[in-house]
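Biologist: I would like to learn how to read aromatic rings in a model. Could you walk me through it?

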Amino acid sequence: MPHKTLEFDITPDCSGARLDRCLSRLIPGSSRAYLQKLIKDGLVQNSAGSSLTLPRYPVKSGEHIIVTMPEIEDTTVKAEDFDYPILFEDEHMLVIAKPAGVVVHPAAGNPDGTIVNALLGRYPGFGDRFQNVNGRPGIVHRLDKDTSGCLVVAKTPDALFKLGTAFAEHTTQKTYLALVRGVPKKLSDEIVNLIGRHPVNRQKMAVVERNGKMAISLYRTKKSGTLDGNTVSLMEVDIKTGRTHQIRVHLSSIGIPVLGDQVYGGSRTNIEGADRQMLHAWRISLPHPATGERMTFEAPIPEDMQTLIDRTLWENENLLK
């Protein structure tokens with residue numbers, strides 16, 4: 001099977017970290033499970049040629065790590081036109097407002113029409129400058145296909161590492177807006193539990209008692225009212241972890257599913273105009289990868305969500321002053 005080799009020198013800020021966690025920073029876009037498999041298969045070595053086969057192995061500053069990565073056949077990603085609103089850009093990073101309905105990177109069933117395809121069209125040779133895998137150059141975090149909002153892209157290998165570290169160490173702050181069915185029993189609260197694969201439907205995530213990952217969301221109810229005779233609320237949600245479908249699972253678990261979310265809300269979320277989950281990555285704050293300066297970006301509320309907000313008869317505004 002074709003393969004490629006990636007080589008890294010461990011920096012002081014990574015010293016003492018687990019090997020698998022360190023690699024997840026160095027190779028954004030690769031899951032921890034995938035990296036752990038590479039480690040256990042003997043595909044991660046030190047400069048002496050010895051395999052490092054324990055994911056928990058503590059790396060050392062200055063240590064030279066060599067990763068042999070099997071390549072997936074036919075991974076060519078074609079360049080396409082870039083037509084996304086830009087919130088910020090410099091030589092280090094790009095921040096865009098991702099529309100709903102767009103996939104972030106190519107995967108099975110979505111070989112084109114993704115953000116990565118557009119990045120390759122905007123920056124010729126973009127993917128060649130990165131030590132990335134699975135056709136995900138510059139991608140340090142993701143949004144679900146039908147979630148809109150702020151998406152940050154690294155433009156250099158150094159920025160890729162610095163931004164990947166910021167997301168891995170939770171020094172970013174992400175605030176979402178969600179239009180939901182109902183009103184929560186508590187107007188603001190912190191949801192802390194485990195999220196893992198649904199025990200029956202493996203395509204879904206669920207709150208679980210074991211074999212899950214810690215998930216933390218903080219929500220605030222901005223206002224509530226009625227939309228087409230249904231009680232709805234507009235929520236702000238900060239996520240302290242980035243689990244798959246985290247906000248959708250958490251809000252559904254407390255009885256206020258996101259409007260339009262057929263997976264976690266079912267028919268209860270069917271409202272005219274809510275043709276996708278009404279979830280928007282509204283604001284993101286993070287340290288600049290070159291200067292360390294704290295920067296905050298906001299993505300305008302998309303038209304379909306704003307239309308529903310404008311149609312709602314708001315009865316209780318400024319619930320949390």
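Modeller: Gladly; we will go through the ring pairs, then the charges over rings. Keep in mind that this is a predicted model.

Biologist: How is a pair of aromatic rings described?

Modeller: A pair is described by the distance of the ring centres and the angle of the planes. In this structure the count comes to three aromatic pairs. In one of them, the planes of Phe82 and Tyr84 stand at 90° with the ring centres 5.5 Å apart, so this pair is edge-to-face.

Biologist: Are Phe82 and Tyr84 buried or exposed?

Modeller: The cut-off for buried is under 20% relative accessible area. Phe82 has 17% relative accessibility, so Phe82 counts as buried. Tyr84 is buried as well, at 16%.

Biologist: What kind of pair do Phe88 and Phe297 form?

Modeller: Their centres lie 5.3 Å apart and their planes meet at 40°, so the pair is tilted. This pair links distant parts of the chain, with Phe88 in strand β4 (residues 86-89) and Phe297 in strand β13 (residues 294-298), 209 residues apart. Phe297 is buried, with a relative accessible area of 7%.

Biologist: Now the charges. Which residue lies over the face of Phe82?

Modeller: For an arginine, we check that CZ is within 6 Å of the ring centre and within 35 degrees of the ring normal. Arg122 lies over the face of Phe82, 4.9 Å from the ring centre. Likewise, Arg283 lies over the face of Trp282, at 4.1 Å from the ring centre.

Technical notes
Residues are numbered from 1 along each chain as its sequence is written. This is a predicted model: local features need pLDDT of at least 70, side-chain atom pairs count only at pLDDT 80 or more; totals for chains, interfaces and linings use all residues. Side-chain values use heavy atoms; hydrogens and water are left out. Rings of Phe, Tyr and Trp (its six-membered ring) pair if their centres lie within 6.5 Å; planes under 30 degrees apart count as stacked, over 60 as edge-to-face and the rest as tilted. Buried means under 20% relative accessible area, exposed over 50%, partly exposed in between (1.4 Å probe, protein chains only). Helices (H or I, at least four residues) and strands (E, at least two) are DSSP runs, numbered from the N terminus.
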